[in-house]
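Okay, everyone, thanks for coming. Let me put the structure up and walk you through a few parts of it.

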Amino acid sequence: MISSILTWAMQRRLTSINHFREHPLEVQEQVYASLLQQAQNTEWGRQYGYVDAPSRREFSQRVPVSSYEQLYPYLERMLHGASDVLWPGAVEWFAKSSGTTNARSKYIPMSPQSLHECHYRAGRDMVAMATSLYPEADVLAGKTLSLGGTHASNPFRPGTGSRVGDVSAVVMQNLPVWAEFLRTPPLELALLDEWEEKIERIARHVQHVDVTTLAGVPTWMIVLLRRVVELSGATDISEVWPNLRLFLHGAVAFGPYRELFRQLIPSAQMRYLEIYNASEGYFAFQDQPDSEDMLLLLDHGVYYEFLPADQFEAENPQTILLEEVELGKSYALIISTNAGLWRYKIGDTVRFTCLAPYRIRITGRTKHFLNAFGEEVVIENAEAALAAACQATGALVRDFTAAPIYFETDSNTSRGGHQWLIEFAQPPSSPAHFAQVLDQTLRSLNSDYDAKRHRNLALAAPQITALPARTFEQWLANKGKLGGQHKVPRLSNSREVVDEILIQLKD
């Protein structure tokens, strides 16, 4: 009965989804106007004349595009309890995410509006979409297993009730009662600090629960599922949870993990849907069963602008509006949100795959790419090449990172290259063939890389370094970033991460 009531309620959200699909520009105009109206009496709103109700064009000329570092003086005051700075009132919850150039962690404000009108609304919409796409799965009949991070007292205001934590922990801690009823494990386990203890205790608890849906980061979900199988003495997870039908996954690309999940969950009835959520907001989800493209969420308290690639490093970057985007081009996301992030450069890049409705794929990060020699390899290229190499050699990749091998000044060679550090869940049948397919696929996907690799003139063939199990986990632990939303940087023009890991292996 509960499942039927919830399914009916979720289906009502499909009307709203269809509305912004069919009227995207009108809906974004309304979101934009609402954000400015709500924030017009804040310090930021007064500084930039929000009371004048500037047009979207005027807004882009009047308000600067800001990085986290540029917004931090305002955010710091909010962390200390100041009211009406970037958003009305005092913000009590902050999502803590990976660090910046001037700090170990970022603190992203999460207002009540952003929690309810963005994160929770998008979560309801995702469930509504899943029940629409796969009605036979009856995903609401059992529990959703979700892994959270942790939260703690705001270090800038200890003892005041203000909290900071991983976005997953903030969302879980503030869930409405009806949503908490649907999930497992209980909060006292889901929000444990120590990740090894968390995985062990959750695995022991959930093996006796009727889990129908998984939600979380593939990296940690794999670790948990393997422990559940081990504890239960089962052959695979389908024996433990026969009604498991759906995995809602995000944070990292799913391609390298697909085969691992197929082995753990061999059921032909298992379905996978990708979501795009972050500390700053819930932006998109997969709305088609046969495509990994994601529907851009336009009615969830986020106003979008897009930065073309040639403007990424511009001093005064010029954005374009939603109606001006083109298919196939990568853009950096610029967002204004109902938590007070104004024209904020989130750092992610997306490519539009459809304009009616607006659908996207994540292509990478504005700072996470390989371009030491003009090759312009983005995350999307790297993950597709890894998937092809795995398919060709029977390999399974658990995690990876890649960085340049710079020109050697004391050598006769004038070529650079790429070094890939890969932790295999299952090694390739032929490491040489794995490297060859990786290289060939990159060449077929990226003309700049192909040009540099032509006759080995500028770039040598990639070097593959296989790492022992748990190497990346240990590196994250050493950095104090084990668990939660922290993940290994995939691509970098710096050798800092690669060299740290290689040194770690020697110690």
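So, helix α11, residues 218–232. This is a predicted model, so one thing to check is whether the helix geometry hangs together. With 15 residues at 1.5 Å a residue, α11 should span 21 Å, and the end C-alpha atoms are 21 Å apart, which agrees.

What in α11 is buried? The list is Pro 218, Trp 220, Met 221, Ile 222, Leu 224, Leu 225, Arg 227, Val 228 and Val 229. And what covers those residues? The cover includes three strands you can pick out on screen, β3 (143–146), β7 (211–216) and β8 (246–249), plus helices α10 (195–206), α12 (237–240) and α13 (258–264). Right after α11 ends, Gly 233 has a positive phi, about 75 degrees.

Keep Arg 227 in mind, because we'll come back to that residue when we reach the salt bridges.

Next, a sheet. Three strands make up an open sheet, ordered β16-β17-β18, with mixed pairing. At the edges sit β16 (396–405) and β18 (463–467), each of them paired on one side only. From one strand to the next, the twist averages 25 degrees. Strand β17, residues 417–426, runs parallel to β18, and 5 bridges join the two. If you want one to look at, Glu 423 has Leu 467 in β18 as its bridge partner. Helix α15, residues 431–445, packs on this sheet and touches β16, β17 and β18, with its direction at about 125 degrees to that of β17.

On to the cores. How many residues does the largest nonpolar core have? It has 83, and Phe 306 and Trp 342 are the ones with the most contacts inside it. Helix α6, residues 112–133, gives the largest share of this core, 8 residues. Apart from that core there is another, of 34 residues, including Ala 234, Ile 237, Phe 247 and Tyr 257.

Now the charged side chains. Side chains of opposite charge can pair when their charged atoms come close. The count here is 26 salt bridges. I'll show you three pairs and then a network.

Pair one: Asp 52 and Arg 62, at 3.5 Å, N to O. Asp 52 is in the loop between α3 (43–47) and α4 (56–62), while Arg 62 is in α4, so this pair ties together parts 10 residues apart in sequence. Asp 52 counts as exposed, at 52% relative accessibility, and Arg 62 as partly exposed, at 32%.

Pair two: Glu 259 with Arg 262, where the closest N and O atoms are 2.6 Å apart. These two are 3 residues apart in helix α13, so about one helical turn separates them. Glu 259 is partly exposed at 30% relative accessibility, and Arg 262 is partly exposed too, at 46%.

Pair three: Arg 343 and Glu 305, 2.8 Å from N to O. This one links distant parts of the chain, with Arg 343 in the loop between β13 (330–337) and β14 (344–355) and Glu 305 in strand β12 (residues 302–308), 38 residues apart. Are these two buried or exposed? Arg 343 has 2% relative accessibility, so it counts as buried, and Glu 305, at 1%, counts as buried as well.

Last, the network: Glu 200, Arg 204, Arg 227 and Glu 230 are joined by salt bridges that share partners. And there's Arg 227 again, one of the buried residues of α11.

Notes: Residues are numbered from 1 along each chain as its sequence is written. This is a predicted model: local features need pLDDT of at least 70, side-chain atom pairs count only at pLDDT 80 or more; totals for chains, interfaces and linings use all residues. Side-chain values use heavy atoms; hydrogens and water are left out. Helices (H or I, at least four residues) and strands (E, at least two) are DSSP runs, numbered from the N terminus. The expected span of a helix is 1.5 Å times one less than its number of residues. Buried means under 20% relative accessible area, exposed over 50%, partly exposed in between (1.4 Å probe, protein chains only). Contact means heavy atoms within 4.5 Å. Two strands pair if DSSP finds at least two bridges between them. Axes are lines fitted to C-alpha atoms, for helices over the stretch in contact, and angles run from 0 to 180 degrees between N-to-C directions. A nonpolar core is a set of buried Ala, Val, Leu, Ile, Met, Phe, Trp, Tyr and Cys residues joined through side-chain atoms within 4.5 Å. A salt bridge is a side-chain nitrogen of Lys or Arg within 4 Å of a carboxyl oxygen of Asp or Glu.
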